[in-house]
Amino acid sequence: MRIKFTGPDGAKFAGVELVAIHDTQRARTDALAAAEFATGLKLDVLVERTKVSAGLTTHLTLFMTLRNAGFWVTWDEVGAFTGQDYEVVVEPSDRSDDDAAEDTAPDPTSARTVSVPGAGPLEPEQVKVPRGKGSGSRSRSTAVS
């Protein structure tokens, strides 16, 4: 998942698209410490609360994403964002197993299993094996004249 920041107006990160940091294991320690300090919560408690609060999850994700990219934002600055200040960009690799189960249409970009669209499997007599010039020996499948 990526996040495209479109605001707030005048922000130095407006127009920047970054890889979302939504896992505390991938976050910088200074971002985690700043989140703990700003909220007054220990990291384990903060993470537990994100499991029941989508707003807190979004706030923490935006905060860690910007901090990891080197943008020195405060917890309160990120808290003032509106839905118009960022856009979540879903990548194909972000699909969940539930999404994959719903998609029953064949992938048009996958490799074909036959050489020509609509053709069936080749019969053995249709397969032509190129023969190079060798020592003159013949395979056992060649008729003897």
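Which residues do ring pairs link into a cluster? They are Phe5, Phe13, Phe71 and Phe81. The notes below work outward from that cluster. Keep in mind that this is a predicted model.

1. **The ring pairs.** The whole structure holds five aromatic pairs. One of them joins phenylalanine 13 and phenylalanine 71. Their ring centres are 5.7 Å apart. Their planes meet at 70°, which is over 60, so the pair is edge-to-face. A pair of aromatic rings is described by the distance of the centres and the angle of the planes.

2. **What that pair connects.** Phenylalanine 13 sits in the loop between S1 and S2. Phenylalanine 71 sits in the loop between H3 and H4. The two are 58 residues apart, so the pair links distant parts of the chain.

3. **Burial of the two partners.** Phenylalanine 13 has a relative accessible area of 6%. Phenylalanine 71 has 15% relative accessibility. Buried means under 20%, so both count as buried.

4. **A second partner for phenylalanine 13.** Phenylalanine 13 also pairs with phenylalanine 81. Here the centres are 5.8 Å apart and the planes are at 45°, a tilted arrangement. Phenylalanine 81 lies in the loop between H4 and strand S3 (86–89). The pair therefore ties together parts that are 68 residues apart in sequence. Phenylalanine 81 is buried, as is phenylalanine 13.

5. **The core.** The largest nonpolar core has 25 residues. Phe5, Phe13, Phe63, Leu66, Val78 and Phe81 have the most contacts inside it. Two or more residues each come from S1, helix H1 (29–39), helix H3 (54–68) and helix H4 (75–79). H3 gives the largest share, six residues.

6. **Phenylalanine 5.** This residue belongs to the ring cluster and is among those with the most contacts inside the core. Leaving aside residues up to four places away in sequence, phenylalanine 5 touches Phe13, Ala14, Gly15, Val16 and Leu18. Its other contacts are Leu62, Thr65, Leu66, Phe81, Asp85 and Tyr86.

7. **Lysine 12.** Is lysine 12 buried or exposed? With a relative accessible area of 62%, over the 50% cut-off, lysine 12 is exposed. It lies in the loop between strand S1 (2–5) and strand S2 (17–19). The C-alpha atoms of lysine 12 and phenylalanine 71 are 8.2 Å apart, across 59 residues of chain.

8. **A charge over a ring.** Arginine 67 lies over the face of tryptophan 72. The distance to the ring centre is 3.9 Å.

Note on methods:
Residues are numbered from 1 along each chain as its sequence is written. This is a predicted model: local features need pLDDT of at least 70, side-chain atom pairs count only at pLDDT 80 or more; totals for chains, interfaces and linings use all residues. Side-chain values use heavy atoms; hydrogens and water are left out. Helices (H or I, at least four residues) and strands (E, at least two) are DSSP runs, numbered from the N terminus. Buried means under 20% relative accessible area, exposed over 50%, partly exposed in between (1.4 Å probe, protein chains only). A nonpolar core is a set of buried Ala, Val, Leu, Ile, Met, Phe, Trp, Tyr and Cys residues joined through side-chain atoms within 4.5 Å. Contact means heavy atoms within 4.5 Å. Rings of Phe, Tyr and Trp (its six-membered ring) pair if their centres lie within 6.5 Å; planes under 30 degrees apart count as stacked, over 60 as edge-to-face and the rest as tilted. A charge sits over a ring if NZ of Lys or CZ of Arg is within 6 Å of the ring centre and within 35 degrees of the ring normal.
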